[in-house]
Amino acid sequence: MTEPRQTWPAEFAARYRAKGYWRGETFPRLLRERAAAHPERIAIIGGETRWSYRELNDRARRFGAGLLALGLRPGERVLIQMGNVPSFFEAVFGAFAAGLVPVYALPAHRRTELMHLAGKAEARAILVQDRIERFDHAGMVLGLRAALPGLAHVIVAGDAPEGALAMAQVSGDPATLPADPDPQAVAFCQISGGSTGLPKLIPRTHDDYLYSIRGSNEICGIDETSVYMAALPVAHNFTMSSPGCFGALHAGARVVLCPAAMPQIAFPLIRKEGVTITGLVPPLALLWLEAAERARPELPSLKVLQVGGAKFLPESAKRVAPLLGCRLQQVFGMAEGLVNYTALDDPEALVTETQGRPISPDDELLILDDAGQPVPEGRPGNLLTRGPYTIRAYHDDDSANARSFTEDGFYRTGDIVLRLPSGHLVVQGRANDQINRNGEKISAEEVEDLLLGHGSVFDAVVVSIPDARLGERACAFIQPRAGTDPSPAELRRYMRGREVAAFKIPDEIRIVSGFATTAVGKISRRQLRESLRAGVLAESNQTEETAK
Ligand code: OOB
């Protein structure tokens, strides 16, 4: 068994401690202390459910003890796939109390991703919501069981089908809970968007993550009067910690869970619960702006709208304050660590045109050209970073670690940015083959691999195309095997049959007779993707010209 770990070289750890970034706080202690300090204050609101800090803490501790009573042992991993429901917090804080390590899957993940994550994490249990948006998650997870010999339990929040345990039945005596974990131990694993293969596990420690949360709270002005609404999935790093639900709980504030981020659902909830801050990806922010343009909503409580996860264009950013009557905050972060924010009192131009500055004075940023040399100040280059809350390695993945980290521990973000004299970053694009569709990250290579599994596909190249609505969309070019004639519809059906997250199914599939080669053989995948993308862009420019 390989337990996830995350370690920094001793001199870095000593510095991060000496500067007060790492304070020895842990997640189980955090909730216990808040529940002791203000037991009756409301912590979580979801639908008709309102849990006080005391109730959340009591529920979590009983559930955590129940997990131990099932035979799970501290240090073991629990894969969690849940939507924006209060029981997510009972599950996660229950696991923390028991010393178990949650691994967060996204609601969109299907059999392929869950198999991979459960296998990689060597999960002993999967905790899943019965249904999310009408999809039978419990049924899907039960179907995985036979293929995962290390999996001891399937626990379902909601209606548990036969063969699974209902979360409500998992309960034990909190006196059996272990002592608080080492603050340097891994608290949970986030998952990477990544540009190659399936998602990688990102082990985050109590110390490092809680530092990023405290830092975020300060920058975002979160205090006990704040009301944070989770509009995006709670398991995503943005919603969890920037400052997110954990930031709100850290401050003794309130978390409101929004079942879906559409304006028709979110606006009334903001009004009803007096939401002060929430976060969106750009395509959803555009929907909110459109809705606000049609009928200016009264959202007097809303002070800050955060937008992040993908580039928010300045033209759209400028519309936020006038249409929604709140401040915009841009957030450029990554589950691996580094998070940048525009400040609430930054001048308008910086808020609308940049993606902000890092949380920590000890976030080290390098902006390098392709040869690894620093670019002149103000010019775009590859962003590398290391710091007190940025990981030094993925879990159990030597080849990804060799690609993604330099020898001296810098993480290669894959983002191309430039830095203004004020220190604000402007994201210019990606260096590698990741598609950022609607804020969801898709690895071109992973989709190509899936397509290559189809008997009629000789070769497949997937590229990102700029898209007004989604930010980017995925376009797959398919070279069929000689004598075959697969249709785009059939390839889509095939991908659905492979049971992957729906956002990975290409928006556009084009059948081509072959791909460009050079005299010496195949050109690099990267060049090939660039030339295919350029072809699509030239086409759409032509269409625009003709339309004029
Ligand atoms: C957030 O985290 P991930 O891990 O899903 O994705 C990270 C990647 C970044 O490397 C960058 O390529 C892109 O998402 N990204 C942005 C962006 N925010 C993230 N690109 C342009 N502008 C932005 N504002 O997406 C995430 C994690 C924590 C907070 C916010 C977002």
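**Exercises on a predicted model**

Glu122 sits in the loop between α5 (111–121) and β5 (125–129). The model in these exercises is predicted.

**Exercise 1.** What is notable about the phi angle of Glu122, and is Glu122 buried or exposed, or partly exposed?

*Solution.* Start with the backbone: phi of Glu122 is near 50 degrees, which is a positive value in a residue other than glycine. Next take the accessibility. The relative value for Glu122 is 32%, so this residue counts as partly exposed. The cut-offs are under 20% for buried and over 50% for exposed.

**Exercise 2.** Find where Asp396 lies and describe its phi angle.

*Solution.* Asp396 belongs to the loop between β20 (381–386) and α14 (398–404). Its phi is positive, about 50 degrees, although Asp396 is not a glycine. With a relative accessible area of 41%, Asp396 is partly exposed.

**Exercise 3.** Which form does the peptide bond from Ser242 to Pro243 take, and where does Pro243 lie?

*Solution.* Read omega for this bond: the value is near -15 degrees, and the bond is cis. Then place the residue. Pro243 is in the loop between α8 (237–241) and α9 (244–250).

**Exercise 4.** Why is Cys189 too far from Cys245 for a bond?

*Solution.* First recall the term: a disulfide is a covalent bond between the sulfur atoms of two cysteines. The search used here requires the two sulfur atoms to be within 2.5 Å. The cysteine sulfur closest to that of Cys189 is in Cys245, but 19 Å lie between them, so they are too far apart for a bond. Now repeat the step for Cys245. Its closest cysteine sulfur is in Cys258, 11 Å away, again too far for a bond. Over the whole structure the search finds 0 disulfides. As for accessibility, Cys189 is buried at 0%, and Cys245 is buried at 1%.

**Exercise 5.** Why does the radius of gyration of the chain agree with a compact globule?

*Solution.* Take the expected value: for 548 residues, a compact globule would have a radius of gyration near 24 Å. Compare the value of the chain, 23 Å, which agrees. The C-alpha atoms fill a box of roughly 70 × 55 × 55 Å along the principal axes. Buried residues account for 58% of the 548. Finally, consider contacts between residues at least 6 apart in sequence: 68% of them join residues at least 24 apart.

**Exercise 6.** How far is Ala538 from Ala335 in sequence and in space?

*Solution.* Locate Ala538 in helix α17 (residues 525–547). Ala335 is 203 residues away in sequence, and the C-alpha to C-alpha distance is 34 Å.

Methods:
Residues are numbered from 1 along each chain as its sequence is written. This is a predicted model: local features need pLDDT of at least 70, side-chain atom pairs count only at pLDDT 80 or more; totals for chains, interfaces and linings use all residues. Side-chain values use heavy atoms; hydrogens and water are left out. The radius of gyration is taken over C-alpha atoms; the globule rule is 2.2 Å times the number of residues to the power 0.38. Buried means under 20% relative accessible area, exposed over 50%, partly exposed in between (1.4 Å probe, protein chains only). Contact means heavy atoms within 4.5 Å. Helices (H or I, at least four residues) and strands (E, at least two) are DSSP runs, numbered from the N terminus.
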